[in-house]
Amino acid sequence: MHEISVASGILDRAISAAEEHGADRVDAITIEIGRATHVNPDQLVFCVETVAEGTPIAGAAVRTDVVDPVAACDCGWRGEPDDLGLVGGFAPDVRCPECGERTELVRGRECRLASIEVPEVDDESGQTPTQER
């Protein structure tokens, strides 16, 4: 279950981003998951929620956006492949519909933190609603 290690990396990045913005908690995070990855979105959400216990991310909404693959070929073709041609269920083998050569996936392999949502900071006090005054 490699989703735990992926979740830990995303959680670390979300915590760093929250600290960069002076937030003591995160309300929501959005994760982009490429369709060509082998990451199961439901399992990743579960893992993020599990490893987030005791962190500023605990209780945050965890959203996922699935990214459709886009392939590009040296012949100039670029588009969404009809089939990822998963050889043995693992490595994508996408062929160009124009020339038949192997293409490069330029989208759809990402698994990254896309955004975080943090509480508004009170301009007068400089504190978030959860900070003690």
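Two strands count as paired if DSSP finds at least two bridges between them. Keep that in mind for A72, which stands opposite E104 in β5. What you're looking at is a predicted model of a protein with 133 residues, 35% of them buried. Let's take a quick tour.

**The overall layout**
- The protein has two helices and six strands.
- Starting at the N terminus, you'll meet these elements in the order α-β-α-β-β-β-β-β.
- Take the contacts between residues at least 6 apart in sequence: 67% of these link residues at least 24 apart.
- The accessible surface adds up to about 8,000 Å², and carbon and sulfur atoms account for 44% of that.

**The sheet**
- Three strands line up as β4-β3-β5 in an open sheet, with antiparallel pairing.
- β4 (78–79) and β5 (104–107) are the edge strands, and each has a single partner, so one side of each has no neighbour in the sheet.
- How many bridges join β3 to β5? Three bridges do the job, connecting β3 (residues 70–72) to β5 in an antiparallel run.
- Now back to our opening example: A72 has E104 of β5 standing opposite.

**The nonpolar cores**
- In soluble globular proteins, nonpolar side chains tend to be buried together.
- Here, the largest nonpolar core holds 21 residues, and the members touching the most others are I29, I31, L44, V48 and I57.
- Each of α1 (3–20), β1 (28–34) and α2 (41–51) contributes at least two residues to this core.
- Which element gives the largest share? That would be α1, with six residues.
- I57 is a good one to click on: leaving out residues up to four places away in sequence, I57 touches L11, A14, I15, V26, I29 and A52.
- There's also a second, separate core of eight residues, with A36, C73, W77 and L84 among them.

**A residue to look up: H2**
- UniProt lists H2 under "binding site", in an unreviewed entry.
- You'll find H2 in the segment before α1.
- Is H2 buried or partly exposed? H2 counts as partly exposed because its relative accessible area is 41%, and that label covers values between the 20% limit for buried and the 50% limit for exposed.
- If you skip neighbours within four places in sequence, H2 is in contact with H38 and V39.

Conventions: Residues are numbered from 1 along each chain as its sequence is written. This is a predicted model: local features need pLDDT of at least 70, side-chain atom pairs count only at pLDDT 80 or more; totals for chains, interfaces and linings use all residues. Side-chain values use heavy atoms; hydrogens and water are left out. A nonpolar core is a set of buried Ala, Val, Leu, Ile, Met, Phe, Trp, Tyr and Cys residues joined through side-chain atoms within 4.5 Å. Buried means under 20% relative accessible area, exposed over 50%, partly exposed in between (1.4 Å probe, protein chains only). Helices (H or I, at least four residues) and strands (E, at least two) are DSSP runs, numbered from the N terminus. Contact means heavy atoms within 4.5 Å. UniProt positions are given in the numbering used here, feature names are shortened, and annotations may be inferred rather than shown by experiment. Accessible areas come from the Shrake-Rupley method with a 1.4 Å probe; for residues, only the protein chains shown count as cover.
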